[in-house]
Each structure stands twice: as structure tokens, then as C-alpha cells.
Amino acid sequence: ESVVSLFIQYSYFQALPANTMISWTTDDDANNQNPSLSFRFDVAMSGVLGVGNNIAKWSETDKKIATEKIAKYKQIRPLLSNGDLYRLVSPYENNKCALQFMAKDKSQGALYLYNLNENIQGSTRDTRHSTILLLRGLNEESSYKIEGDKQIYKGSFLMKSGINWPVSGSYQSKIIEIKMIN
């Protein structure tokens with residue numbers, strides 16, 4: 001159950017590193033939330049990734065998603081194993097969650113961004129919170145490129161002014177890489 005796992009992981013990471021938690025993708029959906037395979041992979045990729053689905057039942061689209069997610073996981077896995085973790089947005093206080101893994105030398109990182117249920121802006125207390133995401137653990141003087149964004153940002157800007165929350169829709173997620181460019 002990926003939504004429940006998100007809450008468990010957020011708490012677990014308060015005390016222990018991500019590389020000590022095995023996180024599985026599964027077909028389990030006990031709460032009938034129907035998260036996509038992409039969402040389930042993104043949640044499981046914040047720990048030691050395990051695939052617990054019946055892959056014999058996967059469509060070609062599912063296999064393509066899994067292939068892309070596993071390749072991305074292998075690329076950013078050193079950040080989970082050796083980097084610093086910043087818990088940016090709590091799922092206990094918001095209808096979303098954000099984790100940031102950064103290399104010790106602050107040269108690269110990955111943002112793990114999750115939307116849970118999405119409500120109309122202003123309709124609930126949760127939607128009255130800021131939609132700005134403040135990053136942490138960057139070198140203030142260095143410039144950074146965020147995957148999928150054409151802008152170049154100073155570390156100080158990303159930590160003080162932030163970026164707009166880049167995920168929309170219920171049970172949607174993104175894993176976005178951050179790279180220092182100087």
C-alpha cells in the first residue's frame with residue numbers, strides 16, 4: 001500500500017537512513033485509492049527498491065514504466081545511500097509530501113514529490129498552505145539546474161524563495177533531479 005508507506009517512510013527517516021528501509025512496489029490497495037504504478041514506484045524508490053508486483057500480469061505500458069523507473073533509481077541510488085536527507089513537507093500536515101536527498105558535496109540531489117488527495121484551492125485548511133517548496137542543503141553561492149525547468153537558480157534563491165509545487169492531481173508524483181552547474 002504505497003500511500004500508507006509514504007507516511008511510514010516519512011516517520012522512519014526521522015531516525016534511520018533511507019538505505020536501511022526496503023520499500024516494495026505491490027498491487028496492494030487496501031484503501032481503494034488506486035495509485036498509479038508510477039506513483040507506487042516513486043514511493044518505493046525512496047528506500048531500497050523492491051518489486052513485489054506480479055509482473056507476469058503487467059501490460060507493455062507497465063513494463064515500460066518499470067524499466068524507466070528502475071533506470072532512474074539506479075542513477076540516483078548513491079544519493080539515497082550516501083547523501084543527506086531533508087524532509088521538506090510532511091504528509092501528516094499536508095496533502096502532499098516532499099523529500100530531498102543531496103550529495104554530501106551539494107553537487108547534485110533528487111526531490112521526491114508526492115500529491116495525496118488534491119482539493120480545490122482554498123476549500124480546506126491544507127489548500128491554504130503555501131504552494132512554494134523551499135529546498136535545503138544547497139550551496140548558497142552555487143547555481144543549480146532543476147530537471148524539467150529551463151531556469152538556472154542560485155542555491156540561496158532555492159532555499160529562501162523556492163519553486164512552485166510542480167505536481168498536480170491526486171496520487172501523482174515526480175522525482176526531479178537537481179544539479180550544480182558551476
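**Buried residues, cores and ring pairs**

Lys69 is buried, with a relative accessible area of 17%; buried means under 20% relative accessible area, exposed over 50%, and partly exposed in between (1.4 Å probe, protein chains only). The model is predicted, so local features need pLDDT of at least 70 and side-chain atom pairs pLDDT 80 or more, while totals for chains, interfaces and linings use all residues. Residues are numbered from 1 along each chain as its sequence is written, and side-chain values use heavy atoms, without hydrogens and water.

Lys69 lies in helix H3; helices (H or I, at least four residues) and strands (E, at least two) are DSSP runs numbered from the N terminus. When residues up to four places away in sequence are not counted, Lys69 touches Ser38, Phe41, Asp42 and Met45, where contact means heavy atoms within 4.5 Å. Two of these partners, Phe41 and Asp42, are among the buried residues of H2.

Helix H2 is mostly covered, as 7 of its 8 residues are buried. The buried residues are Leu37, Phe39, Arg40, Phe41, Asp42, Val43 and Ala44. An α-helix has 3.6 residues a turn, so residues three or four places apart point the same way. The partners against which the buried residues of H2 pack are H1, strand E1 (22-25), E2, H3, E5 and strand E10 (173-180).

The packing between H1 and H2 can be followed from Ser2, a residue of helix H1. Ser2 counts as buried because its relative accessibility is 9%. Apart from neighbours within four places in sequence, Ser2 is in contact with Pro35, Phe39, Arg40 and Val43. Phe39, Arg40 and Val43 are themselves among the buried residues of H2. Seen from the side of Phe39, with the same sequence neighbours set aside, the contacts are Ser2, Val3, Tyr114, Asn115, Leu116, Tyr171, Gln172 and Ser173.

Nonpolar side chains tend to be buried together in soluble globular proteins. A nonpolar core is a set of buried Ala, Val, Leu, Ile, Met, Phe, Trp, Tyr and Cys residues joined through side-chain atoms within 4.5 Å. The largest such core has 29 residues, and those that touch the most other members are Phe39, Phe41, Met45, Phe101, Tyr112 and Tyr114. Two or more residues of this core come from each of helix H1 (2-12), helix H2 (37-44), helix H3 (60-82), strand E4 (96-102) and strand E5 (108-115). Another core lies apart from it and has 19 residues, among them Leu113, Leu138, Trp165 and Ile176.

Aromatic rings were examined next. Rings of Phe, Tyr and Trp (its six-membered ring) pair if their centres lie within 6.5 Å; planes under 30 degrees apart count as stacked, over 60 as edge-to-face and the rest as tilted. The whole structure contains 7 aromatic pairs. Tyr12 and Phe13 form an edge-to-face pair, because their ring centres are 6.1 Å apart and their planes stand at 75°. Tyr12 counts as partly exposed, at 24% relative accessibility, whereas Phe13 is buried, with a relative accessible area of 6%. A further edge-to-face pair is made by Phe101 and Tyr112, with 5.2 Å from centre to centre and 70° between the planes. Since Phe101 lies in strand E4 and Tyr112 in strand E5, this pair ties together parts that are 11 residues apart in sequence. Phe101 and Tyr112 are both buried, and both belong to the largest nonpolar core. Ring pairs also link Phe39, Tyr114 and Tyr171 into a cluster.

Tyr171 is also notable for its backbone: its phi is positive, about 50°, although Tyr171 is not a glycine. Most residues other than glycine have a negative phi. Tyr171 is found in the loop between strand E9 (163-164) and E10, and counts as buried at 16% relative accessibility. Lys106, likewise a residue other than glycine, has a positive phi near 65°. The loop between E4 and E5 holds Lys106, which counts as partly exposed because its relative accessibility is 31%.

Two other positions are partly exposed. Val48 is found in strand E2 (residues 48-51) and has a relative accessibility of 30%. Ile55 is found in the loop between E2 and H3, with a relative accessibility of 48%. Between Ile55 and Thr26 there are 9.9 Å in space, C-alpha to C-alpha, for a separation of 29 residues in sequence.
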